[in-house]
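Got the model open in your viewer? Set it to show side chains as sticks, and we'll go from stop to stop.

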Amino acid sequence: MTVGANEYEVGGVRLKRPFRIRRLGHFQFMSENMRDSLHFYQRLLGFRLSDTLELSGRLPAEWRTPLKLAELGDTKIYFNRHGSDHHSFVLGSARVRRLLRNDKAKVTVSQIAWQVGSLREVAQGHSWFDSKGIELFRSGRDKPGSNWHSYIWDPDGHTNEIFYGIDQIGWQGASKPFQLYKNIAALPDLPHVSDYHEVHEAAAAGIELGGGYRTEILDAASYDVGGVLLAQPFKVVGIGPIRMLVRDMAKALVFYRDILGLRVTEEVLWKGHRCVFLRANTEHHSMALYPESIRADLGLDARTMNLSFAVRVGDYRQLRDAIAFLIDRGVQIRQLPAELSPGIAYSAFAIDPDGHLVQLYHQMDQIGWDGQPRRTAIRPPAEHAAWPDTLDDTPDQFCGEQYLGPVG
Ligand SMILES: [Fe+2]
């Protein structure tokens, strides 16, 4: 609802746009090597498969022959989760993607997905994007996952999404049966019936509610993680921040700060490169933007505009164990200058089979009522080469977004 010139009411609060992003929800990489990437993200990092979606039927006709399909390899999208959200990390084939979409150069990232607070915020956000002349890529309801969404592109061609209402996977570990999904390629008139109501109607129509996918991957669980046996000596309890290289910082800031409404926490000038850190909630940053010119100074992979995708593990002990576990399995680990991850004292970057960097960390500074980051003078020295056995407590240690439910 518009309440004044350029003001919108969201839940009784006047905002500059008709939605407020609450957190990063999910993220997608496109892979040139699906088999090794699935192994890396599922068997090594512990993401659990919630559903797959076959894309071969959408390919151009000349690619739908048995010979051509064999040449392409795996044509499915893999939806994976670390918690109860139906998906938090998605993996798709880069080769299939190139046939389906004319991406800009070096786009290996899709679905930078931001959760907003309500279905109304998605619907109003969609109309607002439209009114600002922003190209809308897709709107409606996801299948699988059921989240209502509106997709737009950032200036470098990466899809961003505002969404509400992703399916939660419960104690049975099973996804919603595909018969419950409807093809909905538009946002509904509001108000809409609740999810509970929809499931009730499906059950009444005779659909078997227990028929959804449940992954059969069950690796030997021999590591004690907080008193629970898991297949890795750590548990991913959160995703983000995402770090992106951008071709034009001013344009990127218009998109992430002014259009999506992420708040700038801090800027860092590193070797003359202006780096900007933005947050969605109380974390120091969930999105970081770096000029593409930083690539050469850091020796980054030339095939992608992504600098890194981060996974947060349960605690400092798990972080150290995770790095040792990955090194033991032949994963290359590298460090980047600590100034490029302000608010994170301890982290390391694992290199995935496509050369993407996956930042592992356990704790990030939290931003309080005044919206200000911790002053540099009272930041602990970021000496990544020498990690102590144990850490001092800090006011925001163990604070921020919490993981809900059992770890495995
Ligand atoms: Fe999505």
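Start with the aromatic rings: this predicted model holds 22 aromatic pairs. Select Phe 89 and Phe 309 to see one of them. Their ring centres sit 5.5 Å apart and the planes make an angle of 25°, so this pair counts as stacked. Now colour by sequence position: Phe 89 belongs to strand 7 (residues 89-93) and Phe 309 to strand 18 (residues 306-313), so you are looking at a link between distant parts of the chain, 220 residues apart. Turn on a surface and look for the two side chains. Phe 89 is buried, with a relative accessible area of 0%, and Phe 309 is buried with a value of 0% too.

Keep those two selected and add Phe 27, Phe 29, Phe 40, Tyr 41 and Phe 47. Together with Phe 89 and Phe 309, these residues form a cluster linked by ring pairs.

Next, select Phe 137 and Tyr 151. Which way do these two rings face each other, stacked or edge-to-face? With planes at 85° and centres 5.6 Å apart, the pair is edge-to-face. Phe 137 lies in strand 9 (residues 136-141) and Tyr 151 in strand 10 (residues 148-153), so the contact ties together parts that are 14 residues apart in sequence. The two partners differ in exposure: Phe 137 is partly exposed at 22% relative accessible area, whereas Tyr 151 is buried at 2%.

**The iron ion**

Leave Tyr 151 on screen, since its OH is one of the donors of the iron ion. Which other protein atoms should you add? Show His 26 (NE2), Gln 111 (OE1) and Glu 161 (OE); with Tyr 151, these donors lie 2.1 to 2.7 Å from the iron ion. Along the chain, the donors follow the spacing H-x84-Q-x39-Y-x9-E. His 26 in strand 4 (residues 23-31) and Glu 161 in strand 11 (residues 159-164) link distant parts of the chain, 135 residues apart.

If your viewer shows angles, try them here. Why is the arrangement of the four donor atoms irregular? The angles they subtend around the iron ion run from 79 to 160°, and a tetrahedral site would need all of them between 85 and 135 degrees. Before moving on, check the surface again: His 26 is buried at 0% relative accessibility, and Glu 161 is buried at 0% as well.

**Between strands 9 and 10**

Now go to the loop between strand 9 and strand 10, where you'll find Pro 144. The peptide bond joining Lys 143 and Pro 144 is cis, with omega about 10°. Ser 146 lies in that loop too. Look at its backbone: Ser 146 has a positive phi of about 70° although it is not a glycine. Is Ser 146 buried or exposed? At 1% relative accessibility, Ser 146 counts as buried.

**More backbone stops**

Select Gly 240 and Pro 241 for another cis peptide bond, with omega about 10°. This time the proline, Pro 241, is in strand 14 (residues 236-246).

Then move to Lys 271, in the loop between strand 15 (263-270) and strand 16 (273-279). Its phi is near 50°, a positive value in a residue other than glycine. Where Ser 146 is buried, Lys 271 is exposed, with a relative accessible area of 62%.

**The largest pocket**

For the last big stop, select Arg 48, Arg 81, Lys 235, Val 407 and Gly 408. Of the 37 residues that line the largest pocket, these lie nearest its centre. The elements giving two or more residues to the lining are helix 1 (34-44), strand 5 (48-54) and strand 13 (228-230). Which of them gives the largest share? Strand 13 does, with three residues. The pocket holds about 830 Å³ of space. Colour the lining by residue type and you'll have 18 nonpolar, 12 polar and seven charged residues.

While you have helix 1 in view, pick out Gln 42, which lies in it. Gln 42 counts as buried at 9% relative accessibility. Add Ile 217 and draw a distance between the C-alpha atoms: Gln 42 and Ile 217 are 175 residues apart along the chain, and these atoms are separated by 8.9 Å.

Conventions:
Residues numbered from 1 in each chain as written. Predicted model: local features only at pLDDT ≥ 70, side-chain atom pairs only at ≥ 80, totals over all residues. Heavy atoms only, no water. 1 Å grid on protein atoms, 1.4 Å probe; cavity = no way out; pocket = protein on both sides within 12 Å on 5 of 7 lines; lining within 4 Å. Points joined across faces, edges and corners; volume = space filled by probe spheres on them. Helix = DSSP H or I, 4+ residues; strand = E, 2+ residues; numbered from the N terminus. Nonpolar A, V, L, I, M, F, W, Y, C, P; charged D, E, K, R; others polar. Donors = N, O, S within 2.8 Å, 3.2 Å for Na, K, Ca; no water. Tetrahedral: all angles 85-135°; square planar, octahedral: opposite > 155°, others 65-115°. Buried < 20%, exposed > 50% of the residue type's maximum accessible area, 1.4 Å probe, protein only. Phe/Tyr/Trp six-rings, centres within 6.5 Å; stacked < 30°, edge-to-face > 60°.
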